[in-house]
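Open the model in your viewer and keep the sequence panel in sight. Please give a guided tour, stop by stop, of what to select and what is there.

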Amino acid sequence: MVQSFTPRGRKVRILATLGPASANPAMIAALHRAGADAFRVNMSHGDHAGHAQAIAAIRALEKETGRPTTILVDLQGPKLRVGTFKAGPAELVRGKRFVLDSDKAPGDATRVHLPHPELFAALEPGTRLLIDDGKLVLRVKKVEPGRIETLVEVGGRISDRKGVNVPDVVVPLAALTEKDRKDLAFALDQHVDWIALSFVQRPEDVAEARRLIGGKAALLVKFEKPSGVARLEEILEIADAAMVARGDLGVELPPEAVPPLQKRIVATARRMGKPVVVATQMLESMIVSPSPTRAEVSDVATAIYDGADAIMLSAETAAGAWPVEAVTMMDSIARSVESDPDYYRRLHFTETFPDATTADALAEAAGSIIDTIGADAIICFTASGSTARRVARERPGAPLLVLTPKRDAARRMGLLWGAHAVPTKDIGSFEEMIAKGKRMALRHGIGQAGAKLVMMAGVPFGTPGSTNVLHVATLTGDELKGYG
């Protein structure tokens, strides 16, 4: 008997981060049952051996359930940090001078080592340095070789190796460190589905990562720096997906600037047909509490109403006390929003315009057919997944069943809005397309007798990028007779 699995029953995908609270096989299975469509492996923590065990557990679970399950590896990127302090934490006082220099000696309340020579060349008077996630703010007054003199604008306690953010300039650092390159090689050896690239400031960062990946995984760009957002369209053009990394954006920008940027990134990615993930602090209180705040629920709902493809849990599932409850809550919020009669109208506040291609024209037409005749599902035959992405961009009002001969393509669709992806043998004729589409719709619980199915494929069959067929078929309900 062919293995089948039912759709999740919601359009938005849920991405759960693995960590000490969740990286064991039993908890991964529990998160999957609760609604996690994809798992994030964060290379900022843990080691390769531990990550390999978690990845193996996900693949074993996929084999058991039959449902393609997505693995995203998140590269750490360069981390800017100050040096150490001679007598423990120091207190920086507002209005006082503070120096960051190339002297490796432990610091005090007047100076500290800054082990990043690139910053000495990039900074200029007037730019800001944010320390410890923005808790302390320094304003650059003078830059000399090996020495940056600053004025403390927001004081407080500073201690060893606290992080440094530089929001006002493009830092001359590559997005990939030596550690990232090793982590990337490991991830590709593990055959993961997505690579998330951190610290992206310019398109060249993405091009370098894409060259190293060599088509072995899809590439997601994290927008966490203002310099990256400033070149949003250029960067998205060469990426496969986007993430609104609100944590870092919220450090480098005023808090009130982040919501408009979130909406802009989501809308731009949707218009360009690239999956977009909204991340960071979505259900933050559930790290320690079994229930979220009302504000957090509203925040998650807003991302869903805006049409995000996926919403992500970070520490809630990686290190929190209630990881399964956090996924369950996210699933419940999504189902509630998507059952709102106004949901689809709100989704289409963002207008998407098809490119001048046959595939885009057919994807837009499929959505119109759904609206006009009340078709029950769209069935998309695709090798690379590009047809499914075009259809999902239109945010159709019916389930999207994606049939692909490539398991890696099915796995990558775990971040794609509304896609129920099924790996299956390729088709060879128009008649086989119709028959197989009907059988798979019944097998996966999408439609019953009398249901109208909109089918999309490319002729000649098996040729990527050739979508040129749109057909409407009606289920009789007995198409599975004689099939196991």
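The tour starts with the whole chain and then moves through helix pairs, single residues and loops.

**Stop 1: the whole chain**

Remember throughout that this is a predicted model. Show the full chain as a cartoon. It contains 17 helices and 21 strands. Its radius of gyration is 24 Å, close to the 23 Å that the globule rule gives for 484 residues, so the chain is as compact as a globular protein of that length. Turn the C-alpha trace along its principal axes, and the span is about 80 × 45 × 40 Å.

Now colour by burial. Buried residues account for 55% of the 484 residues. Contacts reach far along the sequence too: of those with a separation of 6 or more, 68% join residues 24 or more positions apart.

**Stop 2: helix 2 against helix 4**

Select residues 48-65 for helix 2 and residues 178-189 for helix 4. Two packed helices are described by the angle between their axes and the distance between the axes. Here the angle is about 30° and the axes are 11 Å apart. Angles under 35 degrees count as roughly parallel, so helix 2 is roughly parallel to helix 4. The crossing of this pair is right-handed.

Show side chains at the contact. Helix 2 brings His48, His51, Ala52 and Ile55. Helix 4 answers with Lys182, Asp183 and Phe186. By class, the contact has 3 nonpolar, 2 polar and 2 charged residues.

**Stop 3: leucine 184**

Stay in helix 4 and pick leucine 184. Is leucine 184 buried or exposed? Its relative accessibility is 3%, so leucine 184 counts as buried. Which residues does leucine 184 touch, not counting residues up to four places away in sequence? They are Leu75, Ile195, Leu212 and Ile213.

For a sense of scale, draw a distance from leucine 184 to glutamate 364. Their C-alpha atoms are separated by 37 Å. Along the chain the two are 180 residues apart.

**Stop 4: phenylalanine 199 and glutamate 204**

Move on to the loop between strand 12 (194-197) and helix 5, where phenylalanine 199 is found. Check its backbone. Most residues other than glycine have a negative phi. Phenylalanine 199 has a positive phi, near 60°. Its relative accessible area is 8%, so phenylalanine 199 is buried.

Next select helix 5, residues 203-213, and pick glutamate 204 within it. Glutamate 204 has a relative accessible area of 48%, so it is partly exposed. Now add alanine 175, which lies 29 residues from glutamate 204 along the chain. The C-alpha atoms of the two are separated by 9.2 Å.

**Stop 5: glutamine 262 and threonine 280**

Select helix 9, residues 258-271, and centre on glutamine 262. Where does this polar-looking name sit, buried or exposed? Glutamine 262 is buried, with a relative accessible area of 6%. Leaving aside neighbours within four places in sequence, its contacts are Val244, Arg246, Val278 and Ala303.

Then go to the loop between strand 15 (276-279) and helix 10 (294-305) and pick threonine 280. Its phi is positive, near 90°, in a residue other than glycine.

**Stop 6: helix 15 and its cover**

Select residues 386-393 for helix 15. How many of its 8 residues are buried? The count is 6, so helix 15 is mostly covered. The buried residues are Ser386, Thr387, Ala388, Val391, Ala392 and Arg393.

Show what lies over them. The cover includes helix 9, helix 14 (358-373), strand 17 (377-381) and strand 18 (400-404). Strand 20 (452-458) and strand 21 (467-474) are also part of the cover.

**Stop 7: helix 14 against helix 15**

Keep helix 14 and helix 15 on screen. Their axes come within 8 Å and cross at roughly 45°. The two helices are therefore oblique to each other. Helix 14 passes helix 15 in a right-handed crossing.

Show the contact residues. Ala359, Asp360 and Ala363 in helix 14 meet Arg390, Val391 and Arg393 in helix 15. By class, this contact has 3 nonpolar, no polar and 3 charged residues.

Finish just past the helix. Arginine 395 follows helix 15, and its phi is positive, near 50°.

Definitions and conventions: Residues numbered from 1 in each chain as written. Predicted model: local features only at pLDDT ≥ 70, side-chain atom pairs only at ≥ 80, totals over all residues. Heavy atoms only, no water. Axes fitted to C-alpha atoms, helices over the stretch in contact; angles between N-to-C directions. Helix = DSSP H or I, 4+ residues; strand = E, 2+ residues; numbered from the N terminus. Parallel < 35°, antiparallel > 145°, perpendicular 65-115°, else oblique. Left-handed = near helix turned anticlockwise from the far one by under 90°. Contact = heavy atoms within 4.5 Å. Nonpolar A, V, L, I, M, F, W, Y, C, P; charged D, E, K, R; others polar. Rg over C-alpha atoms; globule rule 2.2 N^0.38 Å. Buried < 20%, exposed > 50% of the residue type's maximum accessible area, 1.4 Å probe, protein only.
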